[in-house]
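Grab a viewer and a coffee. Below are a few exercises with worked solutions, to be done with the model open beside you.

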Amino acid sequence: MSGSISTLLSNDVASSIAVAERMIALGTRDGVVHILDFQGNQVKAFSAHTATVNDLSFDKEGEYIGSCSDDGFVVIHCLFTDERMKFEYRHPMKAIAVDPEYSQNASRRFIAGGLAGNLFLNTKKWLGYRDQVLHSGEGPIQAVKWRTSLVAWANDAGVKVYDVANNQRLTFIERPQRSPRPELLLPQLVWQDDTLLVIGWGTCVKIAAIRTNTAGAANGAMKNISFSSVKYVDIVASFQTSYFISGIAPYGDALVVLAYIPEEENGEKEFSSALPRQGAAQRPEVHIVTWKNEELATDALPVRGYEHYMAKDYMLAHAPFSGSSYAGGQWAAGDEPLYYIVSPKDVVIARPRDAEDHINWLVRHGYHEKALAAVEAGQGRTELLGEVGAGYLDHLILERKYAEAASLCPKLLRGSASAWERWVFHFAHLRQLPVLVPYIPTENPRLNDTAYEVALVALATNLSFHKDLLSTVKSWPPVIYSVLPVISAIELQLNTSSETDMLKEALAELYVINSQYERALALYADLRKLEIFEFIEKHRLHDAIQDKIVQLIILDCKRTVSLLIQHRAIIPPSVVVSQLLEASKKCDSKCFLHLYLHSLFEISLNAGKEFSDMQIELYADYEPKMLLPFLRSSQQYKLDKAYEICVRKDLVREQVFILGRMGNTKQALAVIINKLEDIEEAIEFVAMQNDEELWQELITQCLRKPEMVGILLEHTVGNLDPLYIVNIVPNGLQIPRLRDRLVKIITDYRTETSLRQGCNDILKADCVNLLLKYYNEARRAVYLGEDNGHGKTEDEAVPQTNVNTLNIRTSAVKCKVRGGGRCCMCFDPFNIRDLSVVVFFCCHAYHVACLDSSDSMGANDDGASDSEDEGDGDGAPSGAPRMRCVLCTTAAGG
């Protein structure tokens, strides 16, 4: 308690306390009674005694305060008037209880007792105050409490309960065995309500219930029995504690116990009558227990000088006395009971913890995580989240649990941009910012650009967090920070011991964000990222890869070759070849060079013509089967060098081809026969050369080997006369399977002769048919002109199948017909007469009218010819007249 307490107890010692509903009374060893408000401020003071104030008691209304002291006096003060009554008992008085109805009852009663062992009931009579001894002879009175008409007191024998209304004692409760002497620890009495008395003595707690015998009260035949006879006391709860009880008070359905923990000797707690050794006593504690001694809560009290105090030096008082609202384990708002723990130099206020008290207690004792959970569960004000969160973060920082603190920031800082920025820079100051970066928000809230830049630089300068730097650069929106400061910081890290692939890739990503694509390409090439090919195509960086060909081709040869071939106009083959040749120490550049030149050759025969000689050697080394097709397709290589390579690599067929192209056919034939020993290929080679001398050379070479002679006989049909070969074969030469081969030669010859005869017959028949077809076509007329005018042209005279009509301009007739564009009958130019024209394939042209006139005159003469022409196979209907060139027909008839 604050207020005036520290001043009042600076030169004095608290010895007793009483609590009313509106004030507190505090007694001291100097005999002073101080009246205080609930904040500890002094309202008034009475110098009532000359010795220690042992006990204080308020009436129910809080208008009168009674005190007793070792000076033997009992003093009753009115707090609102100057009324004061003082009573002398000649012996130290230890306990007092003022009648709860003192201010309203004219009898002005109080009960007091002391070392003399007498318990006095003081009552105001007509002639003054008179004392009545309620009890005596069992030792000093140590405590007394008055509730309604019931009075409970304690002496050396035990606790007694007395009904002042009927002047009868109700019960006696024996003092617990082995309880400490009163000068060391006083018994504690408190009325929980009108019918429950709580007793705490030594280490024992008992709860006595005052009950009424309703049967006795209802029986009208027992009117001569006093009303007190129907009341009795039951002990409803009793238990032992592991500590000494310096004070006890009700707490709803539980109890608040002020516990004194004695020093331990030989492993057991021992209560000594002597003063505790310096620093031996333990801190007092407040326990909340049920009637079954179940611990609900425990708190150690912050009492100064507790090491020097004994159990008797502590007191416990509580308020309010009535009207407390406690239901379901909850106190009504503003109606929570207050508990006052008094030590010689301190007054500590205890109250039922609310949510915020619980949270503050958790924070003070280092249970930050539990405090945070309580705030999040809605057990306190919303503003507490920031306070508890900040305290928790500070605690974790002090404990150097930086990762845990960082993980809590999203939950604690939430949408406060200023709080985020403050902690970002705090972590940066501690050089622990990398652990916070994954949790920094990029929106809702969005922080200052500098905060993000500082975070990225912190990742870049820490070798262990380069992977996090890369993922952060990829995930953070580029608009929230400036790229250039981060790029500058990372570039300083390159070429140092801090350089890593992750750092390079992060820098490449930043280059891309800043549109520095060529720099990014260089880093991707160094990192051998497969995505580089899509990157090149996306940003059209084909010019930029001219110095990175080797890196790309090592990364993915197939895709690189395809890229180089596709863009050979930008990256010429000479550049590619020169780089690959220079990279022979880095990789198998010849293999890559072969793949490139081969792909280039497949696309264009002349694209890599200057490297043809090199390509021959590469084919010979890496893909010999493709060399011969190359030799046949290309004309750009040197034959002598190519031949030298083929000889060195023992490529026989390639040697044959080159020798043939060089004109050295005899040597080529010798290679085929001697090395390949393939007479069929030799025959094919000779047949392609079409050289009689070469045939003679082949025969000569074959005569050395009888088997080859037989094969030669089999394959000469159509090339050589087999009879010629048979005639030059030396007598006596044994040719394997000679008879079978001769039979085959004859059979093949006959078959060939028959095929030739059949082909000739077919050819002749085809020629005759084609000539007839040509003759019939040539006899037909071509009509030139329009469908109007007289005569209606040949379309009206003959079916359309007999005349091919072409819509050609008449002016074209001059250059296509004989006679210089004149009619071959009337010799008039075609352009002076508006008449239709007919042209024959013999190039004679006529006016249709002139030709019709000629046909009608010679109809009788030509009847026989027309009859013969009906079956000419041109498809004309029978009896249809045909137009004929007059000149050609006349010439043929003559």
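How many helices and strands does the chain have? Counting along this predicted model, you should get 32 helices and 35 strands.

**Exercise 1. Get a feel for the whole chain: find what share of its residues is buried, and what share of its contacts is long-range in sequence.**

Step 1. Start with burial: of the 894 residues in the chain, 46% are buried.

Step 2. Now take the contacts with a separation of 6 or more. Residues 24 or more positions apart account for 51% of them.

**Exercise 2. Work out the strand order in the sheet that holds β19, then check one register.**

Step 1. The sheet is open, has 4 strands and runs β17-β18-β19-β20, with antiparallel pairing.

Step 2. Which strands sit at the edges? They are β17 (188-191) and β20 (231-240), each of which pairs on one side only.

Step 3. For the twist, ignore direction: neighbouring strands are turned by 20° against each other on average.

Step 4. Zoom in on β19 (residues 204-212) and β20, an antiparallel pair joined by 9 bridges. To fix the register, pick Val205, whose bridge partner in β20 is Phe239.

**Exercise 3. Do the same for the sheet that holds β30.**

Step 1. Here you have an open sheet of 3 strands, in the order β27-β30-β31 and with antiparallel pairing.

Step 2. β27 (315-319) and β31 (346-350) are the edge strands, pairing on one side only. The twist from one strand to the next averages 20°.

Step 3. Between β30 (residues 338-343) and β31 there are 5 bridges, and the two strands run antiparallel. Ile341 gives you the register: its bridge partner in β31 is Val348.

**Exercise 4. Decide how covered β9 is and find its pairing with β10.**

Step 1. Tally the burial of β9 (residues 93-98): 5 of its 6 residues are buried, so the strand is mostly covered.

Step 2. Look sideways to β10 (residues 110-114), which runs antiparallel to β9 and is joined to it by 5 bridges. Val98 stands opposite Phe110 in β10.

**Exercise 5. Track down the unusual backbone geometry between α7 and α9.**

Step 1. Recall the baseline: most residues other than glycine have a negative phi, and most peptide bonds are trans.

Step 2. Go to the loop between α7 (417-429) and α8, where you'll find Arg431. Its phi is positive, about 60°, although Arg431 is not a glycine.

Step 3. Is Arg431 buried or exposed? The cut-off for exposed is over 50%, and Arg431 comes in at 74% relative accessibility, so it counts as exposed.

Step 4. Move on to the loop between α8 and α9, home of Asn444. Asn444 also isn't a glycine, and its phi is positive, near 50°. At 73% relative accessibility, Asn444 counts as exposed.

Step 5. Check the next peptide bond, from Asn444 to Pro445: it is cis, with omega near 5°. Pro445 lies in the loop between α8 (433-436) and α9 (449-460).

**Exercise 6. Describe how α10 is packed.**

Step 1. Two packed helices are described by the angle between their axes and the distance between the axes. For α9 and α10 (residues 466-475), the angle is about 145° and the axes are 8 Å apart.

Step 2. List the residues that touch. From α9 come Leu456, Leu459 and Ala460; from α10 come His466, Asp468, Leu469, Thr472 and Val473. By class, that contact has 5 nonpolar, 2 polar and 1 charged residues.

Step 3. Which residues of α10 are buried? They are His466, Leu469, Leu470, Thr472 and Val473. Seen down the axis of α10, these fall within an arc of 165°, so they line one face of the helix.

Step 4. Turn to the face away from that buried side, and you meet the exposed residues Lys467 and Ser475.

Step 5. Widen the view: the buried residues of α10 pack against α9, α11 (483-493) and α12 (501-513).

**Exercise 7. Inspect the annotated span at 822-854 and the surroundings of His847.**

Step 1. An unreviewed UniProt entry annotates residues 822-854 as "domain: Vps41 C-terminal RING finger". In the model, the span is 21% helix and 21% strand, and its end C-alpha atoms lie 16 Å apart.

Step 2. Find His847 in β35 (residues 845-847). With a relative accessible area of 0%, His847 is buried.

Step 3. Set aside neighbours within four places in sequence, and see what His847 contacts: among them are Cys823, Cys826, Asp828 and Phe830.

Technical notes:
Residues are numbered from 1 along each chain as its sequence is written. This is a predicted model: local features need pLDDT of at least 70, side-chain atom pairs count only at pLDDT 80 or more; totals for chains, interfaces and linings use all residues. Side-chain values use heavy atoms; hydrogens and water are left out. Buried means under 20% relative accessible area, exposed over 50%, partly exposed in between (1.4 Å probe, protein chains only). Axes are lines fitted to C-alpha atoms, for helices over the stretch in contact, and angles run from 0 to 180 degrees between N-to-C directions. Contact means heavy atoms within 4.5 Å. Ala, Val, Leu, Ile, Met, Phe, Trp, Tyr, Cys and Pro count as nonpolar, Asp, Glu, Lys and Arg as charged, and the others, Gly among them, as polar. Two strands pair if DSSP finds at least two bridges between them. The arc is that of the directions from the helix axis to the C-beta atoms. UniProt positions are given in the numbering used here, feature names are shortened, and annotations may be inferred rather than shown by experiment.
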